Amino acid sequence: MNCLTRFFLMTLAASIAGCASSPASRPTSPEPLASLLDTTLISAADHTVLTLPELVRRLKDVDVVVMGEYHGHNGAHLLEARLQQALYEQRPEQILSLEQFNVDHQADLDHYLNGRIGEAAMREDAEAWPNYAGSYRPLVEFARRHGLPVVAANAAARTVHCVGQQGPAYLETLTGDARTTIPDQPFYGSAAYRDKFMGAMGGSGHGASHSVAIENSYLAQLLRDNTMAERILQAHRQHPGYQILHLTGAFHSEGFLGTVAALQARAPDLRVQVITPVFTAADGTIEYGPTDRQRGNVLYYLLPLPEEYRDEARARKAMRAQFSRKKPLDCRPAAESDADRNRP
């Protein structure tokens, strides 16, 4: 073997060894997204790009699939509908659980599913979200047509509002049906979730009264999360063997916090997978960071929605407004409200 041949073989061996030890198995970057309806699914653990059928196969034996969403994003709602159908085709024993309906309107939702009232009546009676027709109608209709349970999972709006106004003591004034909707440990949470919430709400400074208001808003948020967790667990117990698809705002599930943490604290053996939305860069390029695997089991990438606010203070004011209602709600004890109604 001459020197030239030996050098060629040594170079080739070194090249092969380098390829084996370098991240050759890491997939190439996905193509940039082109429209608001496009999504790319990526396994958070190994950055593997997944097709929808591949994702569904991975979820076959999962008890609860928690899918976070950016409310009103066209791509998120399209993926939810496709995922619901694909999961059903693999495992027809399915329950749809929705943050978008409150627990005190379960009967109104059931009346529609059972054919007793029309859709417009249901939307009025159950106080459906304004974007119901474009975002959630396909999911509810799929469940209705296949005779599947739909869970109104969120806390009652009045109770959430009044906890936000008065703090946790408000729960002690509840009676009757309103009290039965309160979960055990209504304010279970974690330091990490509290920090995340306070950061989003701008919870530092502004005086003692502001601090109390923000703290009460956080407790109202925990009430939502714990109510949803308990409603999911109730559905799991009532329908053993069924797979639950729970749809919720990403804040309630991202990082395995919020509703997910409350659910797993109640039922550690429950098999739960979290699907989390992530915005791409403005040009649709998918940027996968080292901390992304902490956001969920599977990430789905979406083009950013049009910017709502460029003024940070105005954006925070709008976020705080989500925790209040334009129409005042009566937060007095039931006995006092009844006395006013009966007063001549």
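Here's a walk through this predicted model, from its confidence values to one helix and then to a pair of helices.

Let's start with how far the predictor trusts itself. The chain averages a pLDDT of 87, with 84% of its residues at 70 or more. Two stretches fall well outside that picture. Over residues 1-27, pLDDT stays under 50, and the model gives this stretch five contacts beyond four places in sequence. Residues 337-344 also stay under 50, and here the model has four contacts beyond four places in sequence.

Now pick out helix α4, which covers residues 106-113. Which of its residues are buried? They are Q106, D108, L109, Y112 and L113. Looking around the axis, these residues span an arc of only 165°, so they sit on the same side of α4. Go just past the end of α4 and you'll meet G115, whose phi is positive, at about 85°.

Next, a helix pair. Two packed helices are described by the angle between their axes and the distance between the axes. For α10 (residues 191-201) and α13 (residues 312-321), the axes come within 9 Å and cross at roughly 120°. Angles of 65 to 115 degrees would count as roughly perpendicular and those over 145 as roughly antiparallel, so α10 is oblique to α13.

And what do the two helices touch with? On the α10 side it's G199, A200 and M201, and they meet R316, M319 and R320 of α13. Sorted by character, the residues of this contact come out as three nonpolar, one polar and two charged.

Technical notes
Residues numbered from 1 in each chain as written. Predicted model: local features only at pLDDT ≥ 70, side-chain atom pairs only at ≥ 80, totals over all residues. Heavy atoms only, no water. Axes fitted to C-alpha atoms, helices over the stretch in contact; angles between N-to-C directions. Helix = DSSP H or I, 4+ residues; strand = E, 2+ residues; numbered from the N terminus. Parallel < 35°, antiparallel > 145°, perpendicular 65-115°, else oblique. Contact = heavy atoms within 4.5 Å. Nonpolar A, V, L, I, M, F, W, Y, C, P; charged D, E, K, R; others polar. pLDDT = per-residue confidence, 0-100. Buried < 20%, exposed > 50% of the residue type's maximum accessible area, 1.4 Å probe, protein only. Arc of directions from axis to C-beta.
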